[in-house]
Amino acid sequence: LTLPPGANMSTIVAAVPQIEFGSLYGTELLIRFIPPVEFDKNIGKFAFWGVGLKHSISQWFPERYFDLAIQGVYQGTTLTNTVGFTGSELNATAHIASLNLHASKRFWNMLDVYTGFAYEDIAVTSTYIYVMPQEVQIKLGLLPPTPAGQVAIPTPEQPGDQKPQTSVIRAGDTNVKWTLGLTFVAGPVRLFADYSISRFNIFSGGIEVVIGQ
């Protein structure tokens, strides 16, 4: 996400709640969700959701030296924002599909070492509805003059730009990712950290609490 200059922001950090249900016949259900939240006025309202299924492959082998599973995840994001005096509207959506193969091994009943390969596909659609900048409308006589830094108030004689323009941008890409990580297990609490190598390298970490195990 490219942020406008002058906002003194280069990254966005968001905690994503995640719930896993399972295991039933070696299959787990994953749900992630963030309701529309305005992190900052320069960013607008951001929302995120995801759902996935993971199935154990190693359960079908008599000799089980490590755990092996396959997972499919489908996720989506939305970003909406109103920009400037003219109230230009941005609406961006992204859909991300991922197919993963995971392998892990537990040592000393407290440390999990895991790795995984993933194929990812992303499709983004951005719609931008806008009118001419306020300064241009004032110079063209579409809006009445106003002191600098203030919003011009339309009048019946000068109602402003009444013909909004719409721009639609669609983009997509694919990615192959390799992840390597560690999980420390202490009762129902798990601390994890991993590093993913791909076109964009990503470090992630967090805390998991297991209920009913």
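Contact here means heavy atoms within 4.5 Å. With that in hand, a good place to start in this predicted model is Asn-81, a residue of strand S4 (residues 67–83). Setting aside neighbours within four places in sequence, Asn-81 is in contact with Lys-41, Asn-42, Ile-43 and Gly-44, and also with Ser-88, Glu-89 and Leu-90. Asn-81 counts as buried because its relative accessibility is 13%, and the limit for buried is under 20%.

Pro-35 makes a handy second stop. This proline is found in strand S2, which spans residues 27–40. With residues up to four places away in sequence left out, Pro-35 touches Phe-46 and Ala-47. The relative accessible area of Pro-35 is 41%, so this residue is partly exposed. As for a far-off point along the chain, Ser-196 is 161 residues away from Pro-35, and the C-alpha atoms of the two are separated by 26 Å.

Before going further, a word on confidence. Across the chain the pLDDT averages 86, and 92% of the residues score at least 70. Confidence is highest in strand S8 (residues 189–197), where the value is 93. At the other end of the scale sits helix H1 (residues 134–139), where confidence is lowest, with a mean of 82.

Next come the strands and how they line up. Strand S5 (residues 88–107) runs antiparallel to S6, and 19 bridges join the two. Within this pairing, Glu-89 stands opposite Ile-129 of S6; Glu-89 also turned up above among the contacts of Asn-81. The hairpin of S5 and S6 has three residues between the strands, and in it Trp-108 takes a positive phi near 55°. S6 has another partner in S7: these strands pair in the antiparallel sense over 20 bridges. One of the matched residues is Thr-115, whose bridge partner in S7 is Leu-180.

Charged side chains add their own links. In general, side chains of opposite charge can pair when their charged atoms come close. With the N and O atoms required to lie within 4 Å, the count comes to five salt bridges. One of them joins Glu-28 to Lys-54, with the closest N and O atoms 3.7 Å apart. Glu-28 lies in strand S2 and Lys-54 in strand S3 (residues 44–56), so this pair ties together parts that are 26 residues apart in sequence. Both ends are partly exposed: Glu-28 has a relative accessible area of 25%, and Lys-54 has one of 24%.

Another salt bridge goes from Lys-177 to Glu-120, at 2.9 Å from N to O. Here Lys-177 belongs to strand S7 (residues 165–186) and Glu-120 to strand S6 (residues 111–130), so the parts tied together are 57 residues apart in sequence. S6 and S7 are also the strands that pair over 20 bridges. Lys-177 counts as buried at 18% relative accessibility, and Glu-120 is buried too, with a relative accessible area of 18%.

The side chains of Asp-112 and Arg-106 also meet in a salt bridge, at 2.8 Å from N to O. Asp-112 is buried, its relative accessible area being 14%, whereas Arg-106 is partly exposed at 36%.

That leaves the aromatic rings. A pair of aromatic rings is described by the distance of the centres and the angle of the planes. The search of the whole structure finds four aromatic pairs. Among them, the rings of Phe-107 and Trp-108 have centres 5.8 Å apart and planes at 45°, so this pair is tilted. Phe-107 counts as partly exposed, at 35% relative accessibility, while Trp-108 counts as exposed, at 70%. Trp-108 is also the residue with the positive phi in the hairpin of S5 and S6.

A further pair is made by Tyr-128 and Tyr-130. The ring centres of Tyr-128 and Tyr-130 lie 5.4 Å apart and the planes meet at 25°, so the pair is stacked. Tyr-128 counts as partly exposed at 31% relative accessibility, and Tyr-130 is partly exposed as well, with a relative accessible area of 29%.

Key:
Residues are numbered from 1 along each chain as its sequence is written. This is a predicted model: local features need pLDDT of at least 70, side-chain atom pairs count only at pLDDT 80 or more; totals for chains, interfaces and linings use all residues. Side-chain values use heavy atoms; hydrogens and water are left out. Helices (H or I, at least four residues) and strands (E, at least two) are DSSP runs, numbered from the N terminus. Buried means under 20% relative accessible area, exposed over 50%, partly exposed in between (1.4 Å probe, protein chains only). Two strands pair if DSSP finds at least two bridges between them. Rings of Phe, Tyr and Trp (its six-membered ring) pair if their centres lie within 6.5 Å; planes under 30 degrees apart count as stacked, over 60 as edge-to-face and the rest as tilted. pLDDT is the predictor's confidence in each residue, from 0 to 100.
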